[in-house]
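Here's a walk through one protein model, from its backbone oddities to its cores and surface. Keep the viewer open while you read.

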Amino acid sequence: MKKLKIIIVGGTGTMGKHLTTAFEKEHDIITAANKGGDIQVDITSTVSIENMYKKIGTFDALVSTAGPTYVGPWNTLTDKEFRQGVEGKMMGQINLVLIGQHYINPKGSFTLITGALSHDPQLNFTNASAANGAVEGFVRAAAIELGNGIRINAVSPTVIESSPQYFPYFPGDIPVTMKQLEFGFRKSVFGANTGQIIKPY
C-alpha cells in the first residue's frame, strides 16, 4: 500500500489518539487539534483552517474526529447554545472540506465524524442530532461534485466504549469498541466508497 500523508483533526482526543497509533505504523500522520498535536487548529475559524492547510501543504487524506456540540435539555435550549453544534461539528467539518479541496491530492479522501444520534435521537442531544444530520447530508451531496477522484464519507458510531460517562444517555445501546471504530475509518480512508455513512457496529 502506498504511504499516505494523513491529517487527523482532533488527533489529541480519544478517537484521534487511537487512529493515530493505528495508522502511523504505515503512513505519515499529522495531528491537528485546538491544543497539542503537531499543529493547532480551531475548526470554528475559517482563517485557522486555511492556515493549517497552508502550513501542511498538499495531503492525501483528512480524518476528522472533532466537532463540539451542546448537550442539555430541550426546554432551555437557546440560539447561542445551538450554535455550538452549528459552528463546531457542522460548519467546522464542512469548512475542513470546502477549504481542504484546494489542497488535497487527486484521489484523496475526506472522512468526517457524525453519530447515531442523526437517526436515533436521545434526550439532551437535539443539537448533536441536528449537526450530525446536516453533516451527513453534506457528505452525500459533496460526493457527487468533488472532482479528481476525491472521495468523502462519514463515520457514524453510537456511544464509544472509551467514553463511559455517556453510557447513561444511551440506554440499551451496545458501545462501539475502538477496534470497530478504527475499521470504520479504515473503510473510508483506504477503501473505494464515497458518499457513504459508515456505521461501525
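N148 sits in the loop between α4 and β6. This is a predicted model, and N148 is a spot to check in a Ramachandran plot: N148 has a positive phi of about 60° although it is not a glycine. At 61% relative accessibility, N148 counts as exposed.

K107 is another non-glycine residue with a positive phi, here about 65°. K107 belongs to strand β5 and is exposed, with a relative accessible area of 71%. Then there's G57, which comes just after α2 and takes a positive phi of about 85°.

That brings us to helix α2 itself, which covers residues 46–56. Which residues of α2 are buried? They are S48, I49, M52, Y53 and I56. Looking down the axis of α2, you'd find these buried residues within an arc of 135°, so they line one face of the helix. V47, K54 and K55, on the other side of α2, are exposed. As for what lies over the buried residues, the cover includes β1 (5–9), β2 (28–33), β3 (39–40), β4, α3 and β5 (104–113).

Two of those α2 residues turn up again in the nonpolar interior. The largest nonpolar core has 32 residues, and V9, M52, Y53, L62, F110 and I152 are the ones that touch the most other members. Elements giving two or more residues to this core are β1, β2, α2, β4, α3, β5, α4 (126–143) and β6. Which element gives the most? It's α4, with five residues. A second, separate core holds 18 residues, among them F23, A61, I160 and V189.

V9 is a good residue to click on in the largest core. Leaving aside neighbours within four places in sequence, V9 is in contact with A32, V41, I43, M52, L62, V63, S64, T65, A66 and L96.

V176 is another one to click on. This residue lies in the loop between β6 (151–155) and α5 (178–190). Is V176 buried or exposed? Buried, with a relative accessible area of 0%. Again skipping neighbours within four places in sequence, V176 is in contact with P157, T158, V159, I160, E161, L181, P200 and Y201. I160, one of these contacts, is also a member of the second core. Further along the chain, K199 is 23 residues from V176, with 9.8 Å between their C-alpha atoms.

Now for the charged pairs. How many salt bridges does a search of the whole structure find? Four. Here are some of them, with N to O distances.

| Salt bridge | N to O distance |
|---|---|
| K3 and D28 | 4.0 Å |
| D79 and R83 | 2.9 Å |
| K179 and E182 | 3.1 Å |

The K3–D28 distance of 4.0 Å deserves a second look, because a salt bridge here needs the nitrogen within 4 Å of a carboxyl oxygen. K3 lies in the segment before β1 and D28 in strand β2, so this pair ties together parts that are 25 residues apart in sequence. D28 is partly exposed, at 43% relative accessibility.

D79 and R83 are both in helix α3, four residues apart, or about one turn of the helix. D79 is exposed, with a relative accessible area of 51%, while R83 is partly exposed at 40%.

K179 and E182 are three residues apart in helix α5, so about one helical turn separates them. Their surroundings aren't alike: K179 counts as partly exposed at 41% relative accessibility, whereas E182 is buried, with a relative accessible area of 4%. Salt bridges with shared partners join K179, E182 and R186 into one network.

Last stop is the surface. V71, Y166 and Y169 form a nonpolar patch there, with about 230 Å² of accessible area together. V71 comes from the loop between β4 (59–64) and α3 (79–100), and its relative accessibility of 33% makes it partly exposed. Patch members need over 30% relative accessible area, so V71, at 33%, qualifies for the patch with Y166 and Y169.

Technical notes
Residues numbered from 1 in each chain as written. Predicted model: local features only at pLDDT ≥ 70, side-chain atom pairs only at ≥ 80, totals over all residues. Heavy atoms only, no water. Patch = residues over 30% accessible without salt bridge, like charges linked within 9 Å, V, L, I, M, F, W, Y side chains within 5 Å. Areas by Shrake-Rupley, 256 points an atom, 1.4 Å probe, with all protein chains shown as cover. Salt bridge = Lys/Arg side-chain N within 4 Å of Asp/Glu carboxyl O. Buried < 20%, exposed > 50% of the residue type's maximum accessible area, 1.4 Å probe, protein only. Arc of directions from axis to C-beta. Contact = heavy atoms within 4.5 Å. Core = buried A, V, L, I, M, F, W, Y, C linked by side-chain atoms within 4.5 Å.
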